[in-house]
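Biologist: Before I plan anything at the bench, could you take me through this model, step by step?

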Amino acid sequence: MNVLGCFKGDYIAAVEFNGKTPTLTVDHVKVIDLEGDDGKVKSRPVVYFRETKRGWVLCKTTAQALTAMFTAETDTWTGKRVTLFADDVQHWLDGRPVRAY
């Protein structure tokens, strides 16, 4: 068990998946203001699903992936099915890609 998965907030986090890959149905997308770790407020798109009340905050990469699968118009995403999964994140160190494990 990943202890961080015990602290569920308002939004879906990859640490909660524990190797599972839930498939969810898009209900709607809403832009909300979120405060970052740096204290700055940024507007971010949040996908809400029919199967859960908690939203999925999109980063630029996931927004681009959903746009490639559907369209950039989020109004057309309603009813679409999305399978979520956790993946290793690639970081850059001294101009070289490294994986975080």
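The exchange below concerns a predicted model and takes up its sheet, its core and its salt bridges.

Biologist: Which strands stand at the edges of the sheet?
Modeller: The open sheet has four strands in the order β3-β2-β1-β4, with antiparallel pairing, and the twist averages 45° from one strand to the next. Two of these strands have a single partner each, so one side of each is left without a neighbour in the sheet, and they are β3 (55–57) and β4 (81–83).

Biologist: Which residue in β3 stands opposite Val-46?
Modeller: Strands β2 and β3 run antiparallel and are joined by three bridges. Across this pairing, the residue of β3 that stands opposite Val-46 is Val-57.

Biologist: Which residues touch the most other members of the largest nonpolar core?
Modeller: This core has 13 residues, and β1 (23–35) and β2 (41–49) each supply at least two of them. Val-82, for example, touches Phe-49, Trp-56 and Leu-66, among others. Those that touch the most other members are Val-47, Phe-49, Trp-56, Leu-66, Val-82 and Leu-84.

Biologist: Is Glu-16 buried or exposed?
Modeller: Glu-16 forms a salt bridge with Arg-54, with the closest N and O atoms 2.7 Å apart. Glu-16 lies in the segment before β1 and Arg-54 in the loop between β2 and β3, so the pair ties together parts that are 38 residues apart in sequence. The relative accessibility of Glu-16 is 18%, and because the cut-off for buried is under 20%, Glu-16 counts as buried.

Definitions and conventions: Residues are numbered from 1 along each chain as its sequence is written. This is a predicted model: local features need pLDDT of at least 70, side-chain atom pairs count only at pLDDT 80 or more; totals for chains, interfaces and linings use all residues. Side-chain values use heavy atoms; hydrogens and water are left out. A nonpolar core is a set of buried Ala, Val, Leu, Ile, Met, Phe, Trp, Tyr and Cys residues joined through side-chain atoms within 4.5 Å. Buried means under 20% relative accessible area, exposed over 50%, partly exposed in between (1.4 Å probe, protein chains only). Helices (H or I, at least four residues) and strands (E, at least two) are DSSP runs, numbered from the N terminus. Contact means heavy atoms within 4.5 Å. Two strands pair if DSSP finds at least two bridges between them. Axes are lines fitted to C-alpha atoms, for helices over the stretch in contact, and angles run from 0 to 180 degrees between N-to-C directions. A salt bridge is a side-chain nitrogen of Lys or Arg within 4 Å of a carboxyl oxygen of Asp or Glu. Lists of a residue's contacts leave out its neighbours within four places in sequence.
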